[in-house]
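Student: I would like to learn how to read the contacts in a structure such as the one below. Could you take me through them one feature at a time?

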Amino acid sequence: MLEQYKDRDYGTPARENLAGISLTIDGREVTVPAGTSLMRAAIESGSNVPKLCATDSLEPFGSCRLCLVEIEGRKGYPASCTTPAEAGMVVRTQSPKLQQLRKGVMELYISDHPLDCLTCAANGDCELQDMAGVTGLREVRYGGDGANHLNLGKDESNPYFSYDPSKCIVCNRCVRACEETQGTFALTISGRGFASRVSPGQDQPFMESECVSCGACVQACPTATLQEKSVIHSGQPEHSVLTTCAYCGVGCAFKAEMKGNEVVRMVPHKDGAANHGHSCIKGRFAWGYATHKDRITKPMIRASISEPWREVSWNEAIGYAASEFKRIQQKYGRDAVGGISSSRCTNEEVYLVQKLVRAAFGTNNVDTCARVCHSPTGYGLGQTYGTSAGTQTFDSVTKMDVALVIGANPTAAHPVFASRLKRRLREGAKLIVIDPRRVELVKSPHIKADYHLQLRPGTNVAVLTALAHVIVTEDLVQETYVAERCDEKAYREWKAFVARPENSPEATEADSGVPAALVRGAARLYATGGNAAIYYGLGVTEHSQGSTAVMAIANLAMATGNVGRKGVGVNPLRGQNNVQGSCDMGSFPHELPGYRHISDSTVRGEFEAAWGVTLSPEPGLRIPNMFDAALAGSFKGLYCQGEDIVQSDPDTQHVARALAAMECIVVQDLFLNETAKYAHVFLPGSSFLEKDGTFTNAERRISRVRKVMPPKAGKADWEATIALSNALGYPMDYRHPSEIMAEIARLTPSFAGVSYDKLDRMGSLQWPCNDAAPAGTPLMHVDRFVRGKGRFIITKYVPTDEKVTRRLPLLLTTGRVLSQYNVGAQTRRTENVHWHDEDRLEVHPHDAEDRGIRDGDWVGVQSRAGETVLRACVTERVQPGVVYTTFHFPESGANVITTDSSDWATNCPEYKVTAVQVMPVTQPSEWQKKWTRFSKVQADLLENRQPGPAIALSK
Ligand code: SF4
Ligand code: SF4
Ligand code: SF4
Ligand code: FES
């Protein structure tokens with residue numbers, strides 16, 4: 001295995017301790033933090049200590065006895081991994097006696113191990129093999145003919161890794177990785193002595209156990225016992241490239257381990273600041289979509305959506321798109337076109353899309369998919385704190401004493417953060433969960449929420465304001481903090497407002513369904529439990545009062561003094577990988593990069609000077625306004641990069657009608673997604689493996705995305721946008737995304753200090769990064785809020801219009817599962833479908849019984865927007881009166897049911913509350929029948945596309 005991608009393993013975790021211990025190891029004076037193991041001290045000082053059961057991501061276990069050392073003045077040979085360094089110790093890691101003992105240990109291991117190194121998938125990447133070499137083992141005296149484990153059968157049930165117990169050395173690393181790193185506790189060592197072996201669940205195959213396929217055990221395994229199937233299939237990698245996961249907003253760093261242009265495996269990077277070497281199933285295993293046969297790698301055009309596609313050259317496709325946009329603008333006016341940028345694309349690509357719309361189209365009709373998820377975060381935190389982003393690092397969770405998790409399901413949507421949160425909870429931190437569903441965090445192995453406020457969907461503001469009521473009326477406000485840091489008048493008004501009796505837990509109980517005593521208990525815990533941190537997700541923002549709820553959260557944190565230091569803060573958990581970045585890059589119609597309003601003539605002037613155009617001071621259309629304008633006949637052309645608005649936006653039928661009313665839709669994507677079925681120009685997109693750029697995660701952390709293979713269609717997404725802009729007559733000339741970032745840095749104060757060179761040097765940077773903070777800003781609002789004084793805002797609870805009625809008596813809320821991602825375009829094209837191959841409707845047993853629904857039955861779900869049919873999952877995860885589904889499969893039509901209700905401030909759709917009726921049915925809904933017919937027609941038109949010229953792949 002090449003050294004370039006072998007991380008140094010120090011054997012045991014680093015200790016944070018200011019006190020230093022000095023000792024002598026192999027004749028060298030060494031100083032380490034108190035609590036450091038002898039093994040780590042020795043390896044840090046340059047000694048090589050053999051080891052098998054120790055690895056520095058896990059606490060030491062002391063089972064293999066290979067790491068024995070000699071300590072002067074002490075008898076015996078203690079294991080260095082479990083022996084703490086002590087002041088004045090004199091330690092030897094190498095001696096003839098130690099060599100002899102280690103060789104003996106290795107001989108026993110190897111005597112019960114298959115001797116198939118040359119054909120083993122781990123050959124060259126096996127610690128057992130390495131240790132045999134290190135200890136000088138040349139022959140084994142004990143034959144394999146006695147009792148052994150060599151014929152134990154393999155477990156191949158997991159599609160991504162295999163388990164071959166004949167190679168297991170029972171080092172326990174996998175068990176500890178599952179417990180300590182992942183927090184799932186799926187593995188145990190069953191049996192005793194010679195019969196002991198690793199077993200998932202109740203001695204089940206992996207796929208039938210609680211295993212969530214994070215792969216931490218595979219990574220920890222020192223042998224080929226747990227081995228990625230991709231390595232078994234492709235052999236050991238030859239080189240590696242550091243990059244960033246393209247799935248969720250955690251932003252895990254990975255080493256893409258490669259053989260030529262083929263990814264062999266993705267290994268979470270130990271130095272990744274967001275993930276510290278851990279990952280989830282999506283980032284580690286679900287990358288096969290990038291080479292899936294459904295990828296469209298040639299540009300295509302057609303005059304109408306009833307015609308077959310025609311494959312054309314990039315030049316022709318771009319030229320056709322540009323001429324159509326120009327024709328539309330001439331005929332219907334400049335504002336008849338617009339663009340949508342993607343939170344899955346890089347910062348540089350998003351920046352170029354908004355620049356193209358503003359400078360080449362000459363309109364501000366640009367919006368981003370963040371509109372439908374976290375736009376209320378931008379608004380709410382901007383109003384209260386002065387900046388539209390989370391306040392902390394993920395690392396901050398290690399200093400947290402109380403976590404308040406509201407409207408978020410981190411174990412499904414932000415799994416690596418969830419693992420870190422669970423670890424802190426196991427260490428004794430307290431947990432408040434506010435969620436209509438009994439999400440996994442409420443109760444899982446070794447975790448139990450202290451409070452679960454199981455509110456009715458749509459009542460977040462009532463509950464958050466009731467929490468504030470308790471804090472104010474029970475004198476739990478941190479008055480000194482508030483007096484120093486917050487606007488006094490706004491605080492007084494807010495205090496008087498929340499103290500009103502109608503905001504008490506007792507008064508809001510009827511609406512929210514949460515017993516007042518629980519709200520009071522949770523408020524006291526949050527206000528007095530030490531460092532309290534709020535983590536929230538789309539269950540907060542995707543409501544008619546999404547922005548109000550974000551402000552209510554910000555109020556709570558200010559009132560209790562929980563902003564501005566480690567362990568506290570307000571942390572929006574962003575859904576997609578680059579939601580933060582797409583917002584930062586100015587893709588909202590009213591904001592230029594860096595959240596500066598388009599009406600600000602000074603800011604506009606800077607961009608006008610740099611771009612050489614005159615910009616309109618008027619905000620453009622938001623996505624829902626674009627749809628309305630299309631139906632009204634005034635919006636006719638759309639450039640949509642990397643988003644599937646037909647599947648992801650609410651009220652699918654409304655969106656589809658709007659698209660059908662347009663004259664030119666240009667879709668840039670990896671696959672012919674639902675939106676592309678309405679498109680006239682298809683520009684093949686590039687996966688994150690095929691381009692350079694940056695993503696910004698939920699901690700404001702900017703990380704590099706690096707190209708590991710050439711773009712399959714010959715152009716990366718940023719290159720296609722440049723070509724379109726040039727064809728429109730607005731020249732863009734960037735030879736590399738680093739030049740785009742240089743322009744972003746020149747024009748955006750919070751990015752002024754960001755460059756690719758610095759990112760390469762430092763690994764990642766958290767904005768603001770500028771002269772005042774050249775190394776970035778891990779913690780926001782440390783001494784003062786960005787806006788100066790923090791501003792309390794009154795958060796009056798206004799019940800949603802989406803009410804249950806006799807006809808629609810249940811409330812539908814939506815969410816995600818661990819194995820699928822967003823509209824599923826990527827994860828549906830991986831083996832992840834083994835975990836989730838359809839969206840189901842969760843129904844409480846009472847509601848199911850009332851309607852004669854059994855688990856697995858087909859049920860019709862009807863709202864005022866439409867009807868769809870799903871299979872029922874009868875479960876107590878949901879409360880009576882509430883049903884739940886996911887939106888990962890287009891045929892489920894989850895967004896056929898969601899309505900056009902939206903957040904009052906930002907138009908973020910109210911996905912989380914839809915009044916529905918649910919009834920057993922025997923056939924698909926009318927919409928589903930229509931969708932099936934339309935999809936078949938579109939699949940045929942794609943299948944029968946007229947072939948075009950070959951595309952030259954760039955190097
Ligand atoms: S893959 Fe993850 S969850 Fe499954 S057993 Fe291994 S560590 Fe545990
Ligand atoms: S499966 Fe691997 S990590 Fe687990 S006990 Fe066996 S050798 Fe160790
Ligand atoms: S937690 Fe998110 S960023 Fe990390 S590997 Fe999973 S999907 Fe990727
Ligand atoms: S490495 Fe120390 S006992 Fe195994």
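**Salt bridges, cores and ligand shells**

Tutor: In this predicted model, K51 forms a salt bridge with D9, and the closest N and O atoms of the pair are 4.0 Å apart. Both K51 and D9 are buried.

Student: Which parts of the chain does the pair of K51 and D9 tie together?

Tutor: To read a salt bridge, one asks where each partner lies along the chain. K51 lies in the loop between helix 1 (38-44) and strand 3 (70-71), whereas D9 lies in the segment before strand 1 (20-25), so the pair ties together parts that are 42 residues apart in sequence.

Student: How many salt bridges are counted, and which residue forms one with E643?

Tutor: The count comes to 55 salt bridges. E643 forms one with R344, where the closest N and O atoms are 3.9 Å apart. That pair links distant parts of the chain, with E643 in the loop between strand 25 (637-641) and helix 23 (645-648) and R344 in the loop between strand 14 (337-341) and helix 9 (347-361), 299 residues apart. E643 and R344 are both buried.

Student: Are R864 and its partner E802 buried or exposed?

Tutor: Here each partner has to be read separately. R864 has 47% relative accessibility and therefore counts as partly exposed, while E802, at 4%, counts as buried. These two residues form a salt bridge whose closest N and O atoms are 2.9 Å apart. Because R864 sits in the loop between strand 33 (858-862) and strand 34 (867-874), and E802 in the loop between strand 30 (764-766) and strand 31 (810-815), the pair ties together parts that are 62 residues apart in sequence.

Student: Which residues are linked in a network of salt bridges?

Tutor: A network of this kind links D125, E228, E257 and R265.

Student: How should I read the nonpolar core, and which residues have the most contacts inside the largest one?

Tutor: One looks at how many residues belong to a core, and then at those with the most contacts. The largest nonpolar core has 70 residues, and L226, L421 and L431 have the most contacts inside it. Helix 12 (residues 415-426) contributes the largest share of this core, four residues. A second core, separate from that one, has 65 residues, including Y351, F361, V613 and C769.

Student: What does L431 touch?

Tutor: Leaving aside residues up to four places away in sequence, L431 touches A403, V405, L425, L441, I447, A449, D450 and Y451.

Student: How many disulfides are there?

Tutor: For disulfides one checks the distance between cysteine sulfur atoms, and here the count comes to zero. C126, for instance, is in no disulfide, since the nearest cysteine sulfur, that of C120, is 6.3 Å away, and the cut-off is 2.5 Å. C126 counts as buried because its relative accessibility is 9%, under the limit of 20%.

Student: Which residues surround ligand 1?

Tutor: To read a ligand shell, list its residues and then sort them by class. Around ligand 1 are C178, T184, L187, F206, C211, V212, S213, C214, G215, A216 and C217. Eight residues of this shell are nonpolar, three are polar and none is charged. One member of the shell, C214, has 8% relative accessibility and so counts as buried.

Student: What is the shell around ligand 2 by class?

Tutor: The shell of ligand 2 has nine nonpolar, three polar and one charged residues. In total 13 residues surround ligand 2, and the closest are C168, C171, N172, C174 and C221.

Key: Residues are numbered from 1 along each chain as its sequence is written. Chains are lettered from A and ligands numbered from 1 in the order in which they are written. This is a predicted model: local features need pLDDT of at least 70, side-chain atom pairs count only at pLDDT 80 or more; totals for chains, interfaces and linings use all residues. Side-chain values use heavy atoms; hydrogens and water are left out. A residue is near a molecule or strand if one of its heavy atoms lies within 4 Å of it. Ala, Val, Leu, Ile, Met, Phe, Trp, Tyr, Cys and Pro count as nonpolar, Asp, Glu, Lys and Arg as charged, and the others, Gly among them, as polar. A nonpolar core is a set of buried Ala, Val, Leu, Ile, Met, Phe, Trp, Tyr and Cys residues joined through side-chain atoms within 4.5 Å. Buried means under 20% relative accessible area, exposed over 50%, partly exposed in between (1.4 Å probe, protein chains only). Helices (H or I, at least four residues) and strands (E, at least two) are DSSP runs, numbered from the N terminus. Contact means heavy atoms within 4.5 Å. A salt bridge is a side-chain nitrogen of Lys or Arg within 4 Å of a carboxyl oxygen of Asp or Glu.
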